[in-house]
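Good morning, and thank you for coming. I would like to guide you through one structure, beginning with a charged pair and ending with the nonpolar interior.

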Amino acid sequence: MAGVRSVFGLPRSTLAFGAFLALPVALFLIFFIYPIVSTVYISLHDWNGVAPTMRFVGWRNYVTLATQPRFLHALANNLSWLVFMLVCPTGLGLLLAALLDRGIRGERVFRIVFFLPFTIPAVAVAAIWRWVYEPSGGLLTTVMQLVGLGDHAQNWLGDPRIVTYSLMGAVLWWTTGFAFLVFFAGLRNIPEEFIEAARIEGATPWQVFWKVRFPLLWPSTIIVLGIFAIDSMRLFDVVWATTSGGPAYASEVLATQMYDVAFGRFRMGQASAISVYLLGIAAVIIMPYIYAMSRRVADSEAE
């Protein structure tokens, strides 16, 4: 109503802002906060998922998991995946972006080739690499036999000692394209004046990259590392579709164990405890990094 400056003692502008925020806040509470609270509640109970009542067991699910070798092995695998994702796809993507940024012939073709695997769904990636790693007639074994290395061929997905490394090879092929694209876009957005100034000062190509280009790539680096760190914690689809966590739980991560405990063994309380552990570990490891890197970007932009 024209001329009305307040309603129920609140300014009209405040009511307008509240009206616009009501829906997103409600959606956030329903689809983010409520599932977390509900999961923590279920984790304190013994429940098979269909029984009308749940039996309260307190912290027993958490204590049981903390002393369970299977859970500790899955946790160690998740931490291995975290280190791998922060180092390998990130480093290889940066290397490919730096090489292609030098203006080599066929740049467009290479861009498509490098990024194409990232467009493939996880289940299809798993199907491709199950064929590549097939121990008798798979692509990798066949190529090794052709070059005289057949004696070194392994049961890539059936040997508990190497199955996680085999999966990492598949994920490296799949995810490097994302890191490459982000770094390549970042390199192309660096002002050419900075590069020319460094060259005039006599900097070598390595010094230009390390002293000029790489520091200016911090925003791209934060994006890549942040997303890969989160992906390593929620890793599920490729592992489950390729090995289902086997053989003998050797490639299992927390997400696949949670799925197996919940829908394979109907121990909803224990599965919820695994998800709470996963949430806590992700918060402890990833959130300080994102906060520190964001501060660094803000400081560099302020300078």
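Please note that this is a predicted model. Let us begin with Arg265, which is partly exposed, since its relative accessible area is 36%. Arg265 forms a salt bridge with Asp260, and their closest N and O atoms lie 3.0 Å apart.

Asp260 also meets the side chain of Arg70 in a salt bridge, with an N to O distance of 2.7 Å. Where do Arg70 and Asp260 sit along the chain? Arg70 belongs to helix H3 and Asp260 to helix H12, so this pair links distant parts of the chain, 190 residues apart. Both partners are buried: the relative accessible area is 16% for Arg70 and 17% for Asp260.

A further salt bridge joins the side chains of Arg234 and Asp231, at 3.0 Å from N to O. Here Arg234 is exposed, at 57% relative accessible area, whereas Asp231 is partly exposed, at 22%. In the whole structure, a search finds twelve salt bridges. A network of salt bridges links Asp101, Glu107, Arg111, Arg188 and Arg213.

I turn now to the nonpolar interior. The largest nonpolar core comprises 42 residues, and Trp81 and Phe183 have the most contacts inside it. Several helices give two or more residues to this core, including H3, H5 and H7. Of these, H7 gives the most, with 13 residues. Leaving aside neighbours within four places in sequence, Trp81 is in contact with several residues, among them Leu167, Met168 and Val253. A second, separate core has 21 residues, including Ile42 and Ile274.

Technical notes
Residues are numbered from 1 along each chain as its sequence is written. This is a predicted model: local features need pLDDT of at least 70, side-chain atom pairs count only at pLDDT 80 or more; totals for chains, interfaces and linings use all residues. Side-chain values use heavy atoms; hydrogens and water are left out. A nonpolar core is a set of buried Ala, Val, Leu, Ile, Met, Phe, Trp, Tyr and Cys residues joined through side-chain atoms within 4.5 Å. Buried means under 20% relative accessible area, exposed over 50%, partly exposed in between (1.4 Å probe, protein chains only). Helices (H or I, at least four residues) and strands (E, at least two) are DSSP runs, numbered from the N terminus. Contact means heavy atoms within 4.5 Å. A salt bridge is a side-chain nitrogen of Lys or Arg within 4 Å of a carboxyl oxygen of Asp or Glu.
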